[in-house]
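User: I would like to learn how to read local features from a set of coordinates. Could you take me through them one at a time, giving the general idea and then the case at hand?

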Amino acid sequence: MAKYWFGELLQRSGQQGSERDCGMNMVLVIDNDKELCAFMKKCIEREKLTAVAASDGIEL
């Protein structure tokens, strides 16, 4: 599911298969489920983006 969602997101932005050239490629994942945050972070990093995950405001 996550792979489909990220692929669709990249396709909509016209960047699938090309080098991303914007200066910021970071995604912040916030959810109170730590396992879900870790999973989403891994999925995002597979797309060659930087991800930061937090399950509460203290972790940021």
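Analyst: Let us start with Ala38, which sits in helix 2 of what is, I should say at once, a predicted model. With a relative accessible area of 39%, Ala38 is partly exposed, because that class covers the range between 20% and 50%. A distance in sequence can then be set beside a distance in space: Ala38 and Ala53 are separated by 15 residues along the chain, and their C-alpha atoms are 6.8 Å apart.

User: How far apart in space are the C-alpha atoms of Lys42 and Ala53?

Analyst: Those two C-alpha atoms are separated by 9.8 Å, with the two positions 11 residues apart along the chain. Lys42 also belongs to helix 2, and it counts as exposed because its relative accessibility is 51%, the cut-off for that class being over 50%.

User: How do I check the length of helix 2 against its number of residues, and what should its 13 residues span?

Analyst: The idea is to compare an expected rise with the separation of the end C-alpha atoms. At 1.5 Å a residue, the 13 residues of helix 2 should span 18 Å, and the end C-alpha atoms are 19 Å apart, which agrees.

User: Which residues of helix 2 are buried, and which are exposed on the other side?

Analyst: The buried residues in helix 2 are Cys37, Cys43 and Ile44. Viewed down the helix axis, the buried residues fall within an arc of 130°, so they line one face of helix 2. On the other side of the helix, the exposed residues are Lys34, Glu35, Lys42 and Arg46.

User: What should I look for at the start of helix 2, and what follows the helix?

Analyst: At the start, look for a side chain that reaches a backbone nitrogen: here a side-chain oxygen of Asp33 comes to within 3.0 Å of the backbone nitrogen of Glu35. After the helix, look at the backbone angles: helix 2 is followed by Lys48, whose phi is positive, near 65°. Lys48 is a residue other than glycine, and its place is in the loop between helix 2 and strand 2, the latter covering residues 50–54. Lys48 is exposed, with a relative accessible area of 73%.

User: How many salt bridges does a search of the whole structure find, and where do they lie?

Analyst: The general test is one of distance, a side-chain nitrogen of Lys or Arg within 4 Å of a carboxyl oxygen of Asp or Glu. The search of the whole structure finds one salt bridge, in which the side chains of Lys41 and Glu45 meet at 3.1 Å, N to O. Both residues lie in helix 2, residues 34–46, and they are four residues apart, about one turn of the helix.

User: Are Lys41 and Glu45 buried or exposed, or somewhere in between?

Analyst: Both fall in the intermediate class, with Lys41 partly exposed at a relative accessible area of 28%, and Glu45 partly exposed at 36% relative accessibility.

User: Where does Ile30 lie, and what is it in contact with?

Analyst: Ile30 is found in strand 1, residues 26–30, and, although one might look for an isoleucine in the interior, Ile30 is exposed, with a relative accessible area of 54%. When neighbours within four places in sequence are left aside, Ile30 is in contact with Cys37 and Ala54. Ile30 and Asp56 are 26 residues apart in sequence, while their C-alpha atoms are 7.2 Å apart in space.

User: Is Ser55 buried or exposed, and which residues does it touch?

Analyst: Ser55, in the segment after strand 2, counts as buried because its relative accessibility is 12%, the cut-off being under 20%. Again leaving aside neighbours within four places, Ser55 is in contact with Asp31, Asn32, Lys34 and Cys37.

User: How do I place these local readings in the chain as a whole?

Analyst: Begin with the order of elements: the chain has two helices and two strands, running α-β-α-β from the N terminus on. Buried residues make up 23% of the 60 residues, and the chain exposes about 4900 Å², of which carbon and sulfur atoms supply 55%. Finally, among contacts between residues at least 6 apart in sequence, 48% join residues at least 24 apart.

Methods
Residues numbered from 1 in each chain as written. Predicted model: local features only at pLDDT ≥ 70, side-chain atom pairs only at ≥ 80, totals over all residues. Heavy atoms only, no water. Buried < 20%, exposed > 50% of the residue type's maximum accessible area, 1.4 Å probe, protein only. Contact = heavy atoms within 4.5 Å. Areas by Shrake-Rupley, 256 points an atom, 1.4 Å probe, with all protein chains shown as cover. Expected span 1.5 Å × (residues − 1). Arc of directions from axis to C-beta. Polar contact = N/O pair within 3.5 Å; in protein donor to acceptor, adjacent residues only side chain to side chain.
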